Amino acid sequence: MQKEPKKAFTLEFRNYSLPLDFPVVALLRDKFSFPQIAVDANHMHFHNCVEFGLCWKGEGVLAVEDQLHPYSTGDFTILPPYATHITYRVAGRTDAQSEYLYCDPKLLLEGLSPGFINCLSRFNNNTPDFPYVIHARDMPVAHTLFLEILAELRDCKPNYQEAVRGLFAAFIVSLLRVLPPPQEKAQPTVLSRRIFSLSGAVQYVQTHYAQQIPIEVLADVCFMSLTNFRRLFKTAMGCSPLQYITQVRIQKAQELLYTTELSVLDISLKTGFETLSTFNRHFLDIVGMPPMQWRKLCRNIPKKGYSYTDFVEEQRALKH
């Protein structure tokens with residue numbers, strides 16, 4: 001008996017071109033549909049932004065890398081950028097129907113306190129303990145807020161974008177209250193309105209992390225003396241400016257380790273580290289394991305030879 005040929009594995013990169021002034025794309029139940037096709041692990045995909053899904057009917061299984069996560073009515077699915085995944089139907093059960101929100105949380109909520117913006121990295125960095133599915137019973141407040149966000153995006157009433165930003169900030173806070181912290185280290189605490197004066201330095205580090213950043217430059221950006229800047233930064237952010245720069249560089253390195261096939265040496269140079277040994281030492285200190293071990297633990301599907309799809313607003317039928 002002749003064996004059926006093994007299906008070739010295909011990987012697709014879906015790029016969502018999010019508007020800079022309002023970086024949100026919503027797939028609402030009355031404006032899109034998924035084709036009725038047989039889905040299997042031989043065709044997976046990933047995208048360039050965070051995906052929040054809310055299942056409003058039925059049951060499904062979310063496959064991320066080599067993990068399987070069942071979900072059902074009322075549950076959230078959350079996927080960080082570049083997480084390789086596909087959703088399965090459950091045989092004999094009602095097919096899962098969901099609404100989706102694709103966004104850049106940091107860009108959407110920029111202008112809020114740096115301490116809060118730092119918390120958003122929880123949704124941008126894939127880790128072995130990432131909460132891909134959150135069950136309805138654990139988050140009634142988040143469920144209500146997300147429905148209000150979708151309603152605003154569906155109706156587009158006057159000032160709906162401002163309403164979405166406010167609701168989304170509350171939604172993120174409600175999720176962070178039920179999610180386990182990714183590490184034992186405490187998150188920076190916002191102590192007063194003075195923290196807003198550090199926004200310029202935080203933004204500068206986020207955009208210039210690959211370069212050498214003298215602390216004097218950060219103080220100048222915030223119009224402070226060097227002594228006052230160091231003191232306020234340590235009080236507000238819970239770490240020194242130099243420690244913060246290193247943390248940002250390691251976060252960017254994690255993104256490159258997960259999303260590309262670049263070597264550890266190339267990644268260390270692209271993220272501002274002068275030597276590979278310095279990069280390895282800081283990565284081990286912050287993440288708790290060497291870069292290559294982290295890469296192997298977080299994914300088992302290399303991103304090579306993938307196809308590219310550019311999302312357009314008018315697209316109606318999508319494979320998920």
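**Figure 1. Aromatic pairs in the predicted model.** The structure holds 19 aromatic pairs. This is a predicted model. One of the pairs joins Phe229 and Phe233. Their ring centres lie 5.5 Å apart. The planes meet at 50°, and the pair is tilted. A pair of aromatic rings is described by the distance of the centres and the angle of the planes. Why is this pair called tilted, rather than stacked or edge-to-face? Stacked planes are under 30 degrees apart and edge-to-face planes over 60, so the rest count as tilted. The angle here is 50°.

**Figure 2. Phe229 and Phe233 in helix 7.** Helix 7 covers residues 226-237 and carries both Phe229 and Phe233. The two are 4 residues apart, so about one helical turn separates them. Are these residues buried or exposed? Phe229 is buried, with a relative accessible area of 0%. Phe233 is buried too, with a value of 1%.

**Figure 3. A cluster of phenylalanine rings.** Ring pairs can link up into a cluster, as they do here. Which residues take part? The members are Phe52, Phe76, Phe123, Phe146, Phe168 and Phe171.

**Figure 4. Arg29 over Trp56.** This view turns to a charge and a ring. Arg29 lies over the face of Trp56. The distance from the ring centre is 3.9 Å.

**Figure 5. The largest cavity and its lining.** The whole structure was searched for cavities of 30 Å³ or more, and 2 were found. The largest holds about 70 Å³ of space. Which residues line the largest cavity? Pro81 and Tyr82 are among them. So are Asn124, Asn125 and Asn126, included in the same lining. The list also includes Gln254, Glu255, Tyr258, Thr259 and Trp294. Helix 8, residues 241-259, gives the most to this lining, with 4 residues. By class, the lining has 4 nonpolar, 5 polar and 1 charged residues.

**Figure 6. Tyr82, a lining residue with a positive phi.** Tyr82 belongs to the lining of the largest cavity. Where does Tyr82 lie along the chain? Its place is in the loop between strand 7 (76-79) and strand 8. Tyr82 is buried, with a relative accessible area of 18%. The cut-off for buried is under 20%, so 18% falls within that class. Phi of Tyr82 is positive, about 70°, although the residue is not a glycine. Most residues other than glycine have a negative phi.

**Figure 7. Asn159 in a loop between two helices.** Asn159 also has a positive phi, near 65°, and is a residue other than glycine. Asn159 lies in the loop between helix 3 (140-155) and helix 4 (160-178). Buried or exposed? Asn159 is exposed, with a relative accessible area of 60%.

**Figure 8. The second largest pocket.** What volume does the second largest pocket have? The value is about 860 Å³. The pocket is lined by 34 residues. Nearest its centre lie Asp104, Lys106, Leu107, Gln206 and Lys252. Helix 1 (105-108), helix 2 (114-119), helix 5 (199-208) and helix 8 are the elements that give two or more residues to the lining. Helix 8 supplies the largest share, 5 residues. By class, the lining has 18 nonpolar, 11 polar and 5 charged residues.

**Figure 9. Cysteines without disulfides.** How many disulfides does the structure hold? The count is 0. Two cysteines are shown here. Cys55 counts as buried, at 2% relative accessibility. Cys239 counts as buried as well, at 6%.

**Figure 10. Thr94 and Gly60.** Thr94 has its place in the loop between strand 8 (85-89) and strand 9 (97-103). Thr94 is partly exposed, with a relative accessible area of 46%. Gly60 is 34 residues away along the chain. The C-alpha atoms of Thr94 and Gly60 are separated by 8.5 Å.

**Figure 11. Thr309 and His45.** Thr309 lies in strand 11, which covers residues 307-310. Thr309 is partly exposed, with a relative accessible area of 26%. How many residues separate Thr309 from His45 in sequence? They are 264 residues apart. In space, Thr309 and His45 are 10.0 Å apart, C-alpha to C-alpha.

Terms used:
Residues numbered from 1 in each chain as written. Predicted model: local features only at pLDDT ≥ 70, side-chain atom pairs only at ≥ 80, totals over all residues. Heavy atoms only, no water. Phe/Tyr/Trp six-rings, centres within 6.5 Å; stacked < 30°, edge-to-face > 60°. Buried < 20%, exposed > 50% of the residue type's maximum accessible area, 1.4 Å probe, protein only. Lys NZ or Arg CZ within 6 Å of the ring centre and 35° of its normal. 1 Å grid on protein atoms, 1.4 Å probe; cavity = no way out; pocket = protein on both sides within 12 Å on 5 of 7 lines; lining within 4 Å. Points joined across faces, edges and corners; volume = space filled by probe spheres on them. Nonpolar A, V, L, I, M, F, W, Y, C, P; charged D, E, K, R; others polar. Disulfide = S-S within 2.5 Å.
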